[in-house]
Amino acid sequence: MRWAKSGYRVIIGSRDGARAQAKADELNTEMGVSYLLGMDNHAAAAAATIVVLSVPYDAHAATLEAVRDVLKGKILVDVTVPLLPPNIRSVHLPDGKSASLEAQALLGADVRVVTAFQNVSQIHLKDAAHSAECDVLICGDDEAAKNEVIHLTEAIGLRGLDAGPLVNSIAVEALTPIILYLNKRYKTKYAGIVITGLDAP
C-alpha cells in the first residue's frame, strides 16, 4: 500500500491468482483507489522489474523454484526469515546460513538478490499514515541493486542503510527472532532497530 501510494505499480502475487486479486481489491477498497493488481506468482514475477519475496521459510525454496525462470536480470528483495516454529523467538541458522544466501545459490548470478525489511514490524507498515521510527538494513552483492532498494525504502518513509554484502544477511535475518522475543518480553508489537551515530540519510 505504501509503495502504491508513492506512485509505484504494485502487483500482489499468490499461488492462486484469484486470491491475489481479491487481496488487491480489498486493499484498493481500503485506500479508496485502484492502485494494486493481483496475479498468480509466476505472472506477477514475470511482469515485475523488482520482485519482493515475503513468505514463510518453509515455502521459500518452492516459491523460488516456481518463478526462477522469469527472474533472470531482475532484483529479488528477499524478506524471508528462517524461523523454525514453534521456537520463533530463537535464532535458527538454516543449512545455507541465511534465506537470502540460499535464494542466491538457487537462482544463480543472473538474479540480484538483496535482503531487506526483516526487522520492521508489519504493524508499522500496515498503517500508511504511521511514521515508523526504525531503520532497514539492506545487504547484497550488487551495489546498484542495493541502491534501488534503498530508494524503495525511502519511498515509504523509512531509512534504508547499506549493511554490506549478502553474507551479512545472516546477522540481519537473525535479528528478527530477537525482535520477536523483545516484543513478547516487553508487551509491544512495535520493536525495531535504529542505528545511531550516522549522518547519512
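The radius of gyration of the protein chain in this predicted model is 16 Å, which agrees with the value near 17 Å that a compact globule of 201 residues would have. Along its principal axes the C-alpha trace spans about 40 × 40 × 40 Å. The chain contains 8 helices and 7 strands, and buried residues account for 40% of its 201 residues. Where contacts link residues at least 6 apart in sequence, 72% of them join residues at least 24 apart. The accessible surface of the chain amounts to about 10700 Å², with 55% of this area belonging to carbon and sulfur atoms.

The largest nonpolar core comprises 16 residues, and the members that touch the most others are Val77, Ala116, Phe117, Val136, Ile138, Val149 and Leu158. Two or more residues of this core are contributed by each of the elements β4 (75–78), β6 (135–140) and α7 (143–155), and the largest share, 3 residues, is that of α7. Leu158, one of the members with the most contacts inside the core, is in contact with Val120, Leu125, Ala132, Cys134, Val136 and Thr153 when neighbours within four places in sequence are left aside. Apart from this core lies another, made up of 14 residues that include Leu53, Leu64, Leu71 and Val111.

Leu53, named among the residues of that other core, is also touched by Thr63, whose further partners beyond four places in sequence are Asn41 and Val55. Thr63 itself is located in helix α4 (residues 60–67), and its relative accessible area of 17% falls under the 20% limit, so that the residue counts as buried.

On the surface, Val91, Leu93, Ile178, Tyr181, Leu182 and Tyr186 form a nonpolar patch of about 590 Å². Of these residues, Tyr181 belongs to helix α8 (residues 169–185) and is partly exposed, its relative accessible area being 46%.

The structure holds 6 salt bridges, among them pairs within a helix and a pair that connects separate parts of the sequence. In helix α2 (residues 17–31), Lys23 and Glu26 are 3 residues apart and are therefore separated by about one helical turn; the closest N and O atoms of this salt bridge lie 3.2 Å apart. Both partners are partly exposed, Lys23 with a relative accessible area of 38% and Glu26 with one of 42%.

A salt bridge is likewise formed between Asp142 and Arg112, for which the closest N and O atoms are 3.6 Å apart. Because Asp142 lies in the loop between β6 and α7 whereas Arg112 lies in strand β5 (residues 112–115), this pair ties together parts that are 30 residues apart in sequence. Asp142 is partly exposed at a relative accessible area of 27%, and Arg112 is also partly exposed, with a relative accessibility of 28%.

Helix α7, which gives 3 residues to the largest nonpolar core, also carries the salt bridge between Lys146 and Glu143, with an N to O distance of 3.3 Å. Since these two residues are 3 positions apart in the helix, about one helical turn separates them. The partners contrast in accessibility, as Lys146 is buried with a relative accessible area of 2%, whereas Glu143 is partly exposed at 46%. Together with Asp162, Glu143 and Lys146 are linked in a network of salt bridges.

Key:
Residues numbered from 1 in each chain as written. Predicted model: local features only at pLDDT ≥ 70, side-chain atom pairs only at ≥ 80, totals over all residues. Heavy atoms only, no water. Core = buried A, V, L, I, M, F, W, Y, C linked by side-chain atoms within 4.5 Å. Buried < 20%, exposed > 50% of the residue type's maximum accessible area, 1.4 Å probe, protein only. Helix = DSSP H or I, 4+ residues; strand = E, 2+ residues; numbered from the N terminus. Contact = heavy atoms within 4.5 Å. Patch = residues over 30% accessible without salt bridge, like charges linked within 9 Å, V, L, I, M, F, W, Y side chains within 5 Å. Areas by Shrake-Rupley, 256 points an atom, 1.4 Å probe, with all protein chains shown as cover. Salt bridge = Lys/Arg side-chain N within 4 Å of Asp/Glu carboxyl O. Rg over C-alpha atoms; globule rule 2.2 N^0.38 Å.
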